[in-house]
Amino acid sequence: MRALPRFLVNTPEIELWPASLCRAKANAAARCLAASGIVLRRKRDGRFLAALGPEGLVPLVPALWREPGLEAAIAATAVLDARDPAASIGARGTLPGDAVHEDNAAMGLAVDYAESSGLPFHEEPRLLAFAGRDRWQRALWLLPPASRAWIAMRDAARLDGIVLEAISGFRSHAYQRGIFERKFTRGLTLDEVLRVNAAPGHSEHHSGRALDIGTTGEPPAEESFEHTPAFAWLQQHAGRFGFGLSYPRGNPHGITYEPWHWCWLNPASA
């Protein structure tokens, strides 16, 4: 099988990654990935589930066939054009968010949360493009046009002597729910978490258009970023590339000021 170009194909519970971007710790799994084109990755914890290569689907976990969402992931590989994933019918549009709404209701989220917070619900894209690496050398995923805009903006800043580092890009609904669950275990209430984090489904990161930006020598996602030359450069130039600051001071959403959080604002062309 030819290697999948650098796109992530999204299904409700499993992501399809290009094997070239995956790194396994065990030698046997690493050899399997090296011979594969596509890797199936569990969304909620990032575990590799199976590799798809010339010999078909090779399990990387026990009881693969009982894995939730496997059928949908296999169906996505069946309609995927490995030469051009963006043109594949199965990679167009967004995923339905019904399950997220149900989980939020069980968590106690108010039914009018979107209206009262001004934070709309974002369905996950079915296709995301590789946008380079973040500060920790993890793969960074964004909508294809947002990816191109970020790379152009990062490179333009570098020409001006400014280093822009991606802290994070696309995050799944499952990942956002994990943030809430970890904070609940620390004793925080739902209202306390919502002052800092958007409810699952309502973070701009789910859309594939948002990313958190940092710079060399500056801690990630801290208000002190506003005092850096990188933030000053973004204020002056980010709009040229279609990016805007989502949560300035006094924003109507009630979200804490986030000088690091920027969103690509041209979704109509995506």
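How many aromatic pairs does the structure hold? The count is six, and it applies to a predicted model. Before turning to individual pairs, it helps to set out the two sheets.

Seven strands make up one open sheet, arranged in the order E5-E4-E3-E2-E1-E6-E7 with antiparallel pairing. E5 and E7 are the edge strands; each has a single partner strand, so one side of each has no neighbour in the sheet. From one strand to the next the twist averages 30°. Inside this sheet, strand E1 (residues 7-10) is paired with E2 in the antiparallel sense over two bridges. Asn10 stands opposite Glu15 of E2.

The other sheet to consider is an open one of four strands, in the order E8-E9-E11-E10, and its pairing is antiparallel. Its edges are strand E8 (165-168) and strand E10 (243-245), each of which pairs on one side only. Neighbouring strands here are turned against each other by 45° on average, with direction ignored. E8 pairs with E9 over three bridges in the antiparallel sense. Within these two strands, Ala166 stands opposite Ile213 in E9.

Helix H5 has contacts with strands of both sheets. On the four-stranded sheet, H5 packs so that it touches E8, E9, E10 and E11, and its direction makes about 80° with that of E10. H5 also lies across E1, strand E6 (127-133) and E7, where it runs at about 15° to E6.

The nonpolar side chains come next. In soluble globular proteins, nonpolar side chains tend to be buried together. Here the largest nonpolar core has 27 residues, and those that touch the most other members are Trp150, Met153, Leu164, Ile213, Trp233, Leu234 and Phe243. At least two residues of this core come from each of strand E7 (139-142), helix H5 (144-159), E9, H8 and strand E11 (261-264). The largest contribution is that of H5, with six residues. A second core, separate from this one, has 16 residues, among them Leu40, Leu49, Ala73 and Ala129.

Ile213 shows the surroundings of one core residue. Which residues is Ile213 in contact with, leaving aside its neighbours within four places in sequence? They are Trp150, Met153, Leu164, Glu165, Ile167, Phe225, Leu234, Trp260 and Trp262. Of these contacts, Trp150, Met153, Leu164 and Leu234 are also listed with Ile213 among the core residues that touch the most other members.

Now the aromatic pairs, six in the structure. One of them is formed by Trp17 and Trp141, edge-to-face, at 5.2 Å centre to centre and 80° between the planes. Trp17 belongs to strand E2 (residues 14-18) and Trp141 to strand E7, so the pair ties together parts that are 124 residues apart in sequence. Both Trp17 and Trp141 are buried. Together with Phe130, these two tryptophans form one aromatic cluster.

Phe180 and Phe184 form another edge-to-face pair, with 6.1 Å centre to centre and 80° between the planes. Both lie in helix H6 (residues 173-185), four residues apart, which is about one turn of the helix. Is each of these phenylalanines buried or partly exposed? Phe180 counts as buried because its relative accessibility is 0%, whereas Phe184, with a relative accessible area of 29%, is partly exposed.

Two arginines are placed over aromatic rings. The charged end of Arg135 sits over the ring of Trp136, 5.9 Å from its centre. Arg182 lies over the face of Tyr175, 6.0 Å from the ring centre.

Finally, two alanines have an uncommon backbone angle. Most residues other than glycine have a negative phi. Phi of Ala63, however, is positive, near 55°. Ala63 is in the loop between strand E5 (56-59) and helix H2 (70-78). Its relative accessible area is 37%, so Ala63 is partly exposed. Ala221 also has a positive phi, of about 55°. The loop that holds Ala221 runs between strand E9 (210-214) and helix H8 (229-237). Ala221 is partly exposed because its relative accessible area is 33%.

Methods:
Residues numbered from 1 in each chain as written. Predicted model: local features only at pLDDT ≥ 70, side-chain atom pairs only at ≥ 80, totals over all residues. Heavy atoms only, no water. Buried < 20%, exposed > 50% of the residue type's maximum accessible area, 1.4 Å probe, protein only. Core = buried A, V, L, I, M, F, W, Y, C linked by side-chain atoms within 4.5 Å. Contact = heavy atoms within 4.5 Å. Pairing = 2+ DSSP bridges. Axes fitted to C-alpha atoms, helices over the stretch in contact; angles between N-to-C directions. Phe/Tyr/Trp six-rings, centres within 6.5 Å; stacked < 30°, edge-to-face > 60°. Lys NZ or Arg CZ within 6 Å of the ring centre and 35° of its normal.
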